[in-house]
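Me: I would like a close look at a single part of this chain, followed by a connected account of how the rest is put together. Please take your time over it and keep to what the model shows.

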Amino acid sequence: MPEGVGLACAGAAAWMTCGSRAGLRRARRLLAGGGTAERPGSRPWDRVRGWTRRLSARWPLWAPVAVGALIALLSASVLPLPAGIAGVPLLRRVRMAQAERRARDERDAAVIALCATLAGEVRAGRQPGEALLRAARESAGLGQAQAAVLAAARFGGDVPSALLQAARRPGVEGLSGLAACWRVAVDRGAGLAAGLERLEAALRADRDQRADLQAQLAGSRSTAVLLAGLPVLGLLLGTALGAHPLRVLLHSGPGLACLGIGGALEGAGVWWAMRIVRGAEAA
């Protein structure tokens, strides 16, 4: 048991070190201009974080139930099993939020690629409708927005209205700027390519700003998660010292009261920390 506790402490320290330096490395890659940027995955910690990310992505949804059943078996109490079952929807919600964030980033990159390709096609001398058809086919990742825009461009529909309708989805808000450029170019004869190039530059700057913000907030997220895991480390240390904390918490009145109050405070603390981070992102 002491060796296991030592390995757990070493793993927690390594994870904390990796998490605290991840934001700095990401910011350096984003803002690298005066020196040589690091190749992603070149450091050992980058590979470790990649393995951890892939493992967390493949972690099954029934894992909290298995952990709760194991703790219930070791502690001879049925209370950890309902707690593990309650953790399944929470894990599912976290997975869905991560998947939605990745999809939103992919759609954002697809809009930027669409503006760049469309500007190049217009510069090459193609008509706006034909250029939009070719650019939309080459720019994958727009999802349903791509089909609506293609239909409007192919059958002579209202392209700006289709772009504005598609821009309501998260991640493709930049299509509203494309609709404005299209309307000005068609109605007033302004240069479409110049407007698209300025729009592309603005969208890239906005994306870089969001990435920089995510890099700065990575340390706060890591600290919140690490602090949330400290009670588990305390239980492991108590078990190693022979104090039997699970027996006290799950088989006595004061222990159950401490467990309920501590769990409520733990959940409130994590919720408040994540609320601060989300507020900074929204601002």
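Is leucine 79 buried, partly exposed or exposed?

Reply: The model is a predicted one, and the values below are computed from it. Leucine 79 has a relative accessible area of 42%, and because buried means under 20% and exposed means over 50%, leucine 79 counts as partly exposed. Its place in the chain is the loop between helix H3 (63-75) and helix H4 (80-123). On the surface, leucine 79 joins Val78, Leu256 and Leu259 in a nonpolar patch, and the four together have about 350 Å² of accessible area.

The loop that holds leucine 79 also contains alanine 76, which lies between H3 and H4. Alanine 76 has a phi near 55°, a positive value in a residue other than glycine, and its relative accessibility of 61% places it among the exposed residues. For background, most residues other than glycine have a negative phi. Histidine 244 also has a positive phi, of about 55°, although it is not a glycine; this histidine is found in the loop between H9 and helix H10 (245-250), and with a relative accessibility of 43% histidine 244 is partly exposed.

To set that loop in context, the protein chain has 11 helices and 0 strands. Of its 283 residues, 28% are buried, while the chain exposes about 17,400 Å², with carbon and sulfur atoms supplying 64% of that area. Among contacts between residues at least 6 apart in sequence, 59% join residues at least 24 apart.

Turning to the interior, the largest nonpolar core has 33 residues, and those touching the most other members are Leu118, Leu132, Leu163, Leu175, Leu178, Leu192 and Leu196. At least two residues of this core come from each of H4, helix H5 (128-138), helix H6 (144-154), helix H7 (159-166), helix H8 (175-188) and helix H9 (192-240), and H4 gives the largest share, with 7 residues. If neighbours within four places in sequence are left aside, leucine 163 is in contact with Val149, Leu175, Leu178 and Ala179.

H4 also takes part in charged pairings, and the count of salt bridges comes to 8. In one of them, arginine 134 pairs with glutamate 121, with the closest N and O atoms 3.5 Å apart; this pair links distant parts of the chain, since arginine 134 is in helix H5 and glutamate 121 is in helix H4, 13 residues apart. The two partners differ in their cover, for glutamate 121 is buried at a relative accessible area of 10%, whereas arginine 134 is partly exposed at 32%. Both residues belong to a network of salt bridges that links Glu121, Arg126, Glu130 and Arg134.

A salt bridge also forms between arginine 123 and glutamate 197, whose closest N and O atoms are 3.2 Å apart, and this pair again links distant parts of the chain, with arginine 123 in helix H4 and glutamate 197 in helix H9, 74 residues apart. Here arginine 123 is exposed, at 53% relative accessibility, and glutamate 197 is partly exposed, at 36%. Within helix H9, aspartate 206 and arginine 210 lie 4 residues apart, about one turn of the helix, and their side chains meet in a salt bridge at 2.2 Å, N to O. Aspartate 206 is partly exposed, with a relative accessible area of 36%, and arginine 210 is also partly exposed, at 36% relative accessibility.

Key. Residues numbered from 1 in each chain as written. Predicted model: local features only at pLDDT ≥ 70, side-chain atom pairs only at ≥ 80, totals over all residues. Heavy atoms only, no water. Patch = residues over 30% accessible without salt bridge, like charges linked within 9 Å, V, L, I, M, F, W, Y side chains within 5 Å. Areas by Shrake-Rupley, 256 points an atom, 1.4 Å probe, with all protein chains shown as cover. Buried < 20%, exposed > 50% of the residue type's maximum accessible area, 1.4 Å probe, protein only. Core = buried A, V, L, I, M, F, W, Y, C linked by side-chain atoms within 4.5 Å. Contact = heavy atoms within 4.5 Å.
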